[in-house]
Amino acid sequence: MSPQQPIEPAGRRLAILTEGHTEPVRGKTATCLLRYRPEEVVSLLDSTQVGKTAQDLLGVGGDTPVVGKLDDAPDANTLMIGIASAGGRFPDSWRPVLLQAIRSGMDVISGMHQFLCDDAEFARAAEQSGAKLIDVRKNDEHEVANRTGLREDCLRLHTVGQDCSVGKMLVAMELTIALNAAGRDAKFIATGQTGIMVEGDGCPVDCVVADFISGAVEKQVLANQHREIVVVEGQGSISHPRYSAVTLGILHGCVPHALVLCYEVGRTEVHGMPGFGLKPLDELLKTYEHMASLQGPCSVIGVAMNSRKVSAAEAEDERARIGEQLGLPVCDVVRDGPADLVAAVEKFRPQAVAT
């Protein structure tokens, strides 16, 4: 599918496949769908966690049940792969349930780099049953960035991170929702598979040819800059050994006026790479500002901390410590709400955009 085509949610009833990975980091796609589109989710599919609820395992989703097989989710008409895996492949052991869904006529939505529609067996089964195979990352982006037509009366915000999987998408989404609630016309721009599944549009930048990443992001900004504010979801980290290329492509593609720096409290090593230490926040803040300012003036205006692994008291201490260290507002958008970040945006906006 083209990244510009919205994923139509009308009538969609989802069974989300998380087999063996129903936890907040690996299962972040499922977690975000349950947080932002709970009315669409019928059940989670994980035979290792039968009888539990989404709330038990992911902290969201209330009583949404975890079932062991597809037959136990008769109300579902769509199967969605609900994990984000390194390398973007689904386990071979998942083939039987994917085939069962396709053969029964269920649509299947995947955010993997491993495309369903390129699998001969899946494609034949879909042709016979009429099921749709929706590969969210499949795209035809082929344009470079041109730096023309950007409107300076539209504030461009961008979430960046100390690491991958620290909450950049969630912060961008919560900030967008809060800005709209405060009376601003704001648009969340999805740059990854989970954000696209939630928002219904966007661009899967980590599956775009390298030369065209900045152009693909620029195109999303151009398409949405009739709004007062665009909030561009970040990916990876500028210091990440694996994903920094995508991070920089988005950073230069959206030409942000302002950044929100995201991190997880207590994390010391690069996610999925034991032995690789994280760069300090103050060093990364300067690096992000420098790299962004190669394209235009840009400042970090706030910090979003993910404090899910610490107590409320520990989180409050951390919030005060980082705020003093960096001289910026700090909050956990889930635990504290995003009001401090909204206030930072409102304070910054008059000096950044031509109104």
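Helices and strands are DSSP runs, with at least four residues for a helix and at least two for a strand, and they are numbered from the N terminus. With these names in hand, a few places in this predicted model can be visited one by one.

A good starting point is Val255, which sits in the loop between α8 and β10, the latter spanning 258–264. The backbone of Val255 has a positive phi of about 45 degrees, although the residue is not a glycine. Is Val255 buried or exposed? Its relative accessible area is 7%, and buried means under 20%, so Val255 counts as buried. Further along the chain, Gly266 is found in the loop between β10 and α9. Gly266 has a relative accessible area of 66%, and because exposed means over 50%, Gly266 is exposed. Val255 and Gly266 are 11 residues apart along the chain, and 31 Å separates their C-alpha atoms.

A second residue with a positive phi is found elsewhere in the chain. For Arg147, which is likewise not a glycine, phi is near 60 degrees. The loop that holds Arg147 runs between β6 (133–135) and β7 (155–161). Arg147 has a relative accessibility of 33% and therefore counts as partly exposed, the class between buried at under 20% and exposed at over 50%.

The helix α8, which was met above as one neighbour of the Val255 loop, also takes part in a helix packing. Here α8 (residues 244–254) packs against α9 (residues 281–293) at an angle of about 55 degrees, and the two axes are 9 Å apart. The pair is therefore described as oblique. In passing α9, α8 makes a right-handed crossing. Which residues make the contact? On the α8 side they are Thr247, Leu248, Leu251 and His252, and on the α9 side Tyr288, Met291 and Ala292. Sorted by class, the residues of this contact are five nonpolar and two polar, with no charged residue.

Another helix pair can be described in the same terms. Helix α5 (residues 168–181) and helix α11 (residues 339–352) cross at roughly 70 degrees, and their axes come within 10 Å. Angles of 65 to 115 degrees count as roughly perpendicular, so this is how α5 stands to α11. The crossing of α5 past α11 is right-handed. From α5, the residues in contact are Val171, Leu175, Ala178 and Leu179, while α11 supplies Leu341, Val342 and Val345. What classes do the residues of this contact belong to? Seven are nonpolar, none is polar and none is charged.

The last stop is a pair of aromatic rings. Such a pair is described by the distance of the ring centres and the angle of the planes. The count for this model comes to one aromatic pair. It is formed by Phe90 and Phe122, with 6.2 Å from centre to centre and 35 degrees between the planes, and is classed as tilted. Phe90 lies in the loop between β4 (78–81) and α3 (95–103), whereas Phe122 belongs to helix α4 (residues 120–129), so the pair ties together parts that are 32 residues apart in sequence. Are these two rings in buried or exposed residues? Phe90 is buried, with a relative accessible area of 3%, and Phe122 counts as buried at 1% relative accessibility.

Key. Residues numbered from 1 in each chain as written. Predicted model: local features only at pLDDT ≥ 70, side-chain atom pairs only at ≥ 80, totals over all residues. Heavy atoms only, no water. Axes fitted to C-alpha atoms, helices over the stretch in contact; angles between N-to-C directions. Parallel < 35°, antiparallel > 145°, perpendicular 65-115°, else oblique. Left-handed = near helix turned anticlockwise from the far one by under 90°. Contact = heavy atoms within 4.5 Å. Nonpolar A, V, L, I, M, F, W, Y, C, P; charged D, E, K, R; others polar. Phe/Tyr/Trp six-rings, centres within 6.5 Å; stacked < 30°, edge-to-face > 60°. Buried < 20%, exposed > 50% of the residue type's maximum accessible area, 1.4 Å probe, protein only.
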